[in-house]
Amino acid sequence: MVALQQIIRKNTIKVKVGDVSIGAKNPVVIQSMTNTSTKDVESTTLQIIDLHNAGSEIVRITVNDLDAAKAVPAIIENLDKKGFKIPIVGCFHYNGHTLLSEVPECAKFLTKYRINPGNVGFKNKRDKNFEQIIECAIKYDKPIRIGVNWGSLDQELVAEFMDKNAKLSAPKSADFIMRKAVVQSALNSAKKAEKIGISNNKIILSAKLSKVQDLISVYRELSKKCAYPLHLGLTEAGIGIKGMVATTTALSILLQEGIGDTIRASLTPMIGESRTAEVKLCQEILQSLEIKSFLPQISSCPGCGRTSSAYFQQLAQDVQKYIDQNMLYWKNNYKNVELTKIAVMGCIVNGPGESKHANIGISLPGDGENPVAVVYEDGKKTNTLRGNNITLEFIKLIDNYIDRNCQKI
């Protein structure tokens, strides 16, 4: 089995979110967020379960009005009845202080509150509203995430920083000032929350920006200036390959530097695409960095003029589909099955070598030859498959390998 990479994580305070531990060098936690109307209890419950089954350890829901707040207890009770104990985070903007006060059952049932200091209130109401939310968190013993977002920064703080910058003999760029304001807003808000009375082991910080370099710069600065656990995410990452590449780039650099205790991919879903795509991207980032494993990893070649493209592509696709469909069963019945490495290779150039380096691998001969495939297990040739049932026979060999080599639970 493949050993995990030992990246030295920056030590942060441990925060408990339900049964999930964040920070203090605990494993990086994957989060996601529903896009259902929260007042629709059934559809929100089902999407939470889908996200959780895909690998989301914490799920956030929008709590934007009284109907949504009143639905929260029903959603949690619904999850309990279905046998799911999932930490549920309430996302509050503008009116969180009102909703938490007017619907105490919502405040009680949620596992954590997410608040944005830039829109918790305006002018003389800001401090009062913020204090009201923190006092509610203290009353019900809930952790909070103070989530600063560059698109909804405290404009008074930005104006103060801009005024000071304008008086310098060599003023900094507007982007530099914005990044400084993001960091300071997060730190000031955390300090204010502690002064109100919440303990530091109940605070998580995030600072969401939409540009990769800005995000990296801000989190590097935050990690130097505080010990709170940090939630990573590139906000408004975008749709399709753009969103996936930008998110992967930003999060991978920070995680490789030991920065980040919990992550989310804020992707715009493609039409008809499952919400779980953002969870799978987070898993792939952590697995590619060898920080955390979730399912057997498949190595497969891109194909070239030597390969029987359609055949080996279909084989790789079918094997991946089989793994996705059976992972829940394997996880519940075998230890460390997610560390298994599988290779599906298309020709004799790199095929045998790559297959030998996998736990179990198959190497096809290439273009213009009858389907004949050599199978290797832990570096040794064990089988030669021929004919039209190579896919099914190889899948059966994968099953047998896992049964023999992964300890049964």
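Of the 409 residues in the chain of this predicted model, 52% count as buried. The accessible surface comes to about 19200 Å², and carbon and sulfur atoms account for 50% of that area. Along the principal axes, the C-alpha atoms fill a box of roughly 80 × 60 × 40 Å. The secondary structure consists of 13 helices and 17 strands. Contacts that reach across the sequence are well represented: among those between residues at least 6 apart, 66% join residues at least 24 apart.

The buried interior can be described through its nonpolar cores. The largest of these has 116 residues. Within this core, the residues with the most contacts are Y113, L205, L222, L255, V319, I362 and F394. Helix α7, spanning residues 174-196, gives the most to this core, with 9 residues. Another core, of 8 residues, lies apart from the largest one; V15, V29, I58 and V89 are among its members.

On the outside, a nonpolar patch is formed by I241, M244 and V245. Together these three residues present about 290 Å² of accessible area. I241 belongs to helix α9, which covers residues 240-256. With a relative accessible area of 64%, I241 is exposed, because the cut-off for that class is over 50%.

Two buried polar residues offer a closer view of local packing. The first to be described here is T34, in the loop between β3 (29-33) and α1 (41-54). T34 has a relative accessibility of 3% and therefore counts as buried. Leaving aside neighbours within four places in sequence, T34 is in contact with T44, Q47, I48, L51, V59, R60, I61 and R275. One of these partners, T44, is 10 residues from T34 in sequence, and the two C-alpha atoms are 7.0 Å apart in space.

The other residue, Q287, is found in helix α10, which runs over residues 277-288. Its relative accessible area is 7%, so Q287 is buried. The side chain of Q287 makes a polar contact with the side chain of Q297, at 2.9 Å. When residues up to four places away in sequence are not counted, Q287 touches K292, S293, F294, L295, P296, Q297 and E338. Q297 thus appears both in this set of neighbours and as the polar partner of the Q287 side chain.

Turning to charged pairs, a search of the whole structure finds 19 salt bridges. One of them joins the side chains of D261 and R9, with an N to O distance of 3.1 Å. This pair links distant parts of the chain, its members being 252 residues apart. D261 sits in the loop between α9 and β11 (262-263), whereas R9 is in the segment before β1 (15-17). Both partners count as buried: D261 has a relative accessibility of 3%, and R9 has 11%.

A second example is the salt bridge between E257 and R220, whose closest N and O atoms are 2.5 Å apart. E257 lies in the loop between α9 and β11 and R220 in helix α8 (residues 212-225), so this pair ties together parts that are 37 residues apart in sequence. E257 is partly exposed, with a relative accessible area of 33%, and R220 is also partly exposed, at 34%. Salt bridges can share partners as well, and in this way R126, D154 and E156 are joined into one network.

The side chains of D80 and K85 provide a further salt bridge, at 3.4 Å from N to O. D80 is partly exposed, with a relative accessible area of 35%, while K85 counts as exposed at 66%. The examples thus include a pair with both partners buried, D261 and R9, as well as a pair that combines the partly exposed D80 with the exposed K85.

Key: Residues numbered from 1 in each chain as written. Predicted model: local features only at pLDDT ≥ 70, side-chain atom pairs only at ≥ 80, totals over all residues. Heavy atoms only, no water. Patch = residues over 30% accessible without salt bridge, like charges linked within 9 Å, V, L, I, M, F, W, Y side chains within 5 Å. Areas by Shrake-Rupley, 256 points an atom, 1.4 Å probe, with all protein chains shown as cover. Salt bridge = Lys/Arg side-chain N within 4 Å of Asp/Glu carboxyl O. Helix = DSSP H or I, 4+ residues; strand = E, 2+ residues; numbered from the N terminus. Buried < 20%, exposed > 50% of the residue type's maximum accessible area, 1.4 Å probe, protein only. Core = buried A, V, L, I, M, F, W, Y, C linked by side-chain atoms within 4.5 Å. Contact = heavy atoms within 4.5 Å. Polar contact = N/O pair within 3.5 Å; in protein donor to acceptor, adjacent residues only side chain to side chain.
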